[in-house]
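Me: Hey, can you walk me through this one? I'd like to go piece by piece.

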Amino acid sequence: MKILIVEDEKPLAESVKALLEKQGFEADCVYDGLSGVEHARLGVYDLLILDVMLPGMDGRQVAKLVRSGRCGTPILMLTALSGVDDRIAGLDAGADYYLAKPFDSRELLACVNALLRRQGGQVDELALGNTALELVSCTLVCGEKSARLSAKEFDVMRFLLGAKNGISSKEAILAKVWGYDSNAVENHVEVYVGFLRKKLASIGSNIRIEAVRRLGYRLEVVED
């Protein structure tokens, strides 16, 4: 699970990031509204933690712009403005839950887990065709055959499965798996797609990773 934190108070942002990473999440921080919109629109995050009071563009504007792009990623809004009208304004802008500052770390984690469960984010496996990706063991399983994946292979396969029949661009895969600020290039994606194709073939999977020219990759089920 990958979480974006949009918070201009850097010490708070970093402490939330550390708290989430301790729980096994991946987390990125940005510190202004415009950067929050740009990152959210990448489509690589499972949850947005969004402060209201941000430089340049406030959190409610960020939420509205994210939602206008048909992004369904859950939004947890943080703010020191705890009045009823403020909470209503945040929810009307597109937030899924409103948490007032200061907050207890346990309450924050409870909200994060509740929103991810609501989105179906906490599951044991992802399946397509005759193949399943076991999330706990990082293993591809097809009948009685299985193949253990490396960390990067697992992240790429999980991202492709999450897209269902949609096309995943190389840029989106890079941002999700290697990080938005990584020096990794598109060739890294091509290499790991090659690894995954071999492992899928080795277990008799009917999943194929199809390259869509100039767009990215799409999973297809090949029926006998």
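Reply: Sure, and let's start with a term we'll need: two strands pair if DSSP finds at least two bridges between them. Keep in mind that this is a predicted model.

Me: OK, so which way do S10 and S11 pair, parallel or antiparallel?
Reply: Antiparallel: strand S10 (residues 207-212) and strand S11 (residues 216-221) are joined by six bridges. Arg208 sits opposite Glu220 in S11.

Me: And what's in the turn of that hairpin?
Reply: Three residues lie between S10 and S11, and Arg214 in the turn has a positive phi of about 65°.

Me: What about S8 and S9, how many bridges there?
Reply: Four bridges, and strand S8 (residues 139-142) runs antiparallel to strand S9 (residues 145-148). Cys142 stands opposite Lys145 in S9. S8 and S9 form a hairpin too, with two residues between them, and Gly143 in the turn has a positive phi of about 60°.

Me: Back to S10 for a sec. Where is Asn206?
Reply: Asn206 is in the loop between H8 and S10.

Me: Buried or exposed?
Reply: Buried: the relative accessible area of Asn206 is 12%, and the cut-off for buried is under 20%. Setting aside neighbours within four places in sequence, Asn206 has contacts that include Leu128, Gly129, Asn130 and Thr131, and also Glu220 and Val221.

Me: You mentioned H8. How does H7 pack against H8?
Reply: Helix H7 (residues 170-178) and helix H8 (residues 186-202) pack at an angle of about 85°, and their axes are 9 Å apart. That's why H7 and H8 count as roughly perpendicular to each other.

Me: Which residues meet there?
Reply: From H7 you have Lys170, Glu171, Ile173, Leu174 and Trp178, and they meet Glu186, His188, Val189, Glu190 and Tyr192 in H8. Sorted by class, that contact of H7 with H8 has five nonpolar, one polar and four charged residues.

Me: New topic: sheets. What's the order of strands in the open one?
Reply: The order is S2-S1-S3-S4-S5, so to speak a row of five strands, and the pairing is parallel. At the edges are strand S2 (26-30) and strand S5 (97-100), each pairing on one side only. From one strand to the next, the twist averages 20°.

Me: Can you zoom in on one pair?
Reply: Take strand S3 (residues 47-51) and strand S4 (residues 75-79), which pair in the parallel sense over four bridges. Leu48 stands opposite Ile75 in S4.

Me: Why is H2 called largely enclosed?
Reply: Because six of the eight residues of helix H2 (residues 33-40) are buried, the rest of the structure largely encloses H2. The buried ones are Gly33, Ser35, Gly36, Val37, His39 and Ala40.

Me: And what covers them?
Reply: The cover for the buried residues of H2 includes strand S1 (2-6), S2, S3 and helix H3 (59-68).

Me: Last thing: how many disulfides does the structure hold?
Reply: Zero. Cys29 is in no disulfide, and the nearest cysteine sulfur, that of Cys111, is 18 Å away. For a disulfide, the two sulfur atoms have to be within 2.5 Å.

Me: Are Cys29 and Cys111 buried or exposed?
Reply: Cys29 counts as buried at 17% relative accessibility. Cys111 is buried as well, with a relative accessible area of 8%.

How values were computed:
Residues are numbered from 1 along each chain as its sequence is written. This is a predicted model: local features need pLDDT of at least 70, side-chain atom pairs count only at pLDDT 80 or more; totals for chains, interfaces and linings use all residues. Side-chain values use heavy atoms; hydrogens and water are left out. Buried means under 20% relative accessible area, exposed over 50%, partly exposed in between (1.4 Å probe, protein chains only). Axes are lines fitted to C-alpha atoms, for helices over the stretch in contact, and angles run from 0 to 180 degrees between N-to-C directions. Angles under 35 degrees count as roughly parallel, over 145 as roughly antiparallel, 65 to 115 as roughly perpendicular and the rest as oblique. Contact means heavy atoms within 4.5 Å. Ala, Val, Leu, Ile, Met, Phe, Trp, Tyr, Cys and Pro count as nonpolar, Asp, Glu, Lys and Arg as charged, and the others, Gly among them, as polar.
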